[in-house]
Amino acid sequence: MAISSDQQFLENPDSVFEPSVADFWALLKPRVMSLVIFTGFAGMYVAPGALHPLVFIVSLFAIAAGAGASGAINQWYDRDIDAVMTRTKMRPIPAGVMAPAEALTMGLVISAMAVLLLGLAANWLAAGLLAFTIFFYAVVYTVWLKRNTPQNIVIGGAAGALPPVIGWASVTGSLSFEPLLLFSIIFMWTPPHFWALALVKNDDYTRANIPMLPVVAGALETRRQIVIYAILLAPLAIIPSFIGMASIGYGVLASLGGALF
């Protein structure tokens, strides 16, 4: 069984870590990044106005890079609990293939570069929102909420809901009701989505002493909360069709999706 990178360093300070390109890529949480690219693109696509295609691509890249950077910082801080959870024990740091300091440095450097790139390519409102998102996920959620409250994913979900707002701001340089609506849809979707995962991985969270809702309130209450959030999400998701932000076709699909959820 692989020992943690911290333990490896303590036992042999001269040990050489040899992470591969795949390890650095895994540190950025690419599956999470793919969702950020999708939602950030949605915010940019529906925003009034237009960007030069190159600026559009660079801005979307910066948003994705910021998300990946916050994921790297998250893995640096959570390396102790990642090491005892089946779902995360093979991440680069707990698997012992990457030094914690490398992950932290990578996260901080990419964070700074992503914010600077978005500010120069698009505008500084979008860059400021990206910086806030990175801080919220890496510090507010990871350091404070995750280990201290069963509402961790409810409040912490704000970080994952901000990419379409950043995308909108990248195009318009301003905020309005529409991007806040996109934020609200993702914000309400996040808890039931993550609690479903927490139900399946309840043993992992119990072992790591993370107060996810199934751990502290049980499976029945968690399922009840999932239903409540799903009911609140369903009508919220079709509002874009009623305000001219999206087509009737979107409204029909959103209604079907909400009912299925």
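**Entry 1: Asp80 and its partner**

I began with Asp80, which is partly exposed, its relative accessible area being 45%. The model I am reading is a predicted one. I looked up the charged partner of Asp80 and found Arg147, with which Asp80 forms a salt bridge whose closest N and O atoms are 2.9 Å apart. The two residues belong to distant parts of the chain: Asp80 sits in helix 5, Arg147 in the loop between helix 7 and helix 8, and 67 residues separate them. I noted Arg147 as partly exposed as well, at a relative accessible area of 25%.

**Entry 2: Asp78 and Lys146**

I then asked which residue meets the side chain of Asp78 in a salt bridge. I found Lys146, with an N to O distance of 2.7 Å. This pair also links distant parts of the chain, 68 residues apart. Asp78 lies in the loop between helix 4 (53-77) and helix 5 (79-82), while Lys146 lies in the loop between helix 7 and helix 8 (152-161).

Is Asp78 buried or exposed? I read a relative accessible area of 0% for Asp78, so this residue counts as buried. Lys146 has a relative accessible area of 10%. Since the limit for buried is under 20%, Lys146 is therefore also buried.

I next considered the four charged residues together. Asp78, Asp80, Lys146 and Arg147 are linked in a network of salt bridges. Within this network I recorded Asp78 as buried and Asp80 as partly exposed. As general background, I noted that side chains of opposite charge can pair when their charged atoms come close.

**Entry 3: Thr142 in helix 7**

I moved to Thr142, which is placed in helix 7. The relative accessible area of Thr142 is 0%, and the residue is therefore buried. I looked up what surrounds Thr142, leaving out residues up to four places away in sequence, and found that it touches Asn74, Tyr77, Asp78 and Tyr137. One of these, Asp78, is the residue I had already paired with Lys146.

Which polar atoms does the side chain of Thr142 reach? I found a polar contact with the side chain of Asn74 at 2.9 Å. I also found that the side chain of Thr142 reaches the backbone oxygen of Tyr137 at 2.7 Å.

**Entry 4: Trp144 and a nonpolar patch**

I stayed in helix 7 (residues 124-145), where Trp144 is also placed. Is Trp144 buried or exposed? At a relative accessible area of 55%, Trp144 is exposed, whereas Thr142 of helix 7 is buried. I then looked for a surface patch that includes Trp144. I found a nonpolar patch of about 490 Å², made by Phe132, Phe135, Val139, Val143 and Trp144.

**Entry 5: A salt bridge inside one helix**

I returned to the salt bridges and recorded a total of six. Among them is the pair Glu221 and Arg224, whose side chains meet at 2.9 Å, N to O. I asked why about one helical turn separates Glu221 and Arg224. They are three residues apart in helix 12 (residues 213-242), which accounts for that separation. Glu221 is partly exposed, with a relative accessible area of 25%. Arg224 is likewise partly exposed, with a relative accessible area of 45%.

**Entry 6: Thr190 in helix 10**

I looked up Thr190, which is found in helix 10 (residues 177-200). Thr190 has a relative accessible area of 10% and is therefore buried. Setting aside neighbours within four places in sequence, I found Thr190 in contact with Ile153 and Gly157.

**Entry 7: The chain as a whole**

I closed with the overall fold. I counted 13 helices and zero strands in the protein chain. Along the principal axes, the C-alpha atoms fill a box of roughly 60 × 50 × 25 Å.

I asked what radius of gyration a compact globule of 261 residues would have. The expected value is near 18 Å; the protein chain has 19 Å, so the two agree. Of the 261 residues, 47% count as buried. Among contacts with a separation of 6 or more, 70% come from residues 24 or more positions apart. The chain exposes about 12900 Å², and carbon and sulfur atoms supply 71% of that area.

Key. Residues numbered from 1 in each chain as written. Predicted model: local features only at pLDDT ≥ 70, side-chain atom pairs only at ≥ 80, totals over all residues. Heavy atoms only, no water. Patch = residues over 30% accessible without salt bridge, like charges linked within 9 Å, V, L, I, M, F, W, Y side chains within 5 Å. Areas by Shrake-Rupley, 256 points an atom, 1.4 Å probe, with all protein chains shown as cover. Helix = DSSP H or I, 4+ residues; strand = E, 2+ residues; numbered from the N terminus. Buried < 20%, exposed > 50% of the residue type's maximum accessible area, 1.4 Å probe, protein only. Rg over C-alpha atoms; globule rule 2.2 N^0.38 Å. Contact = heavy atoms within 4.5 Å. Polar contact = N/O pair within 3.5 Å; in protein donor to acceptor, adjacent residues only side chain to side chain.
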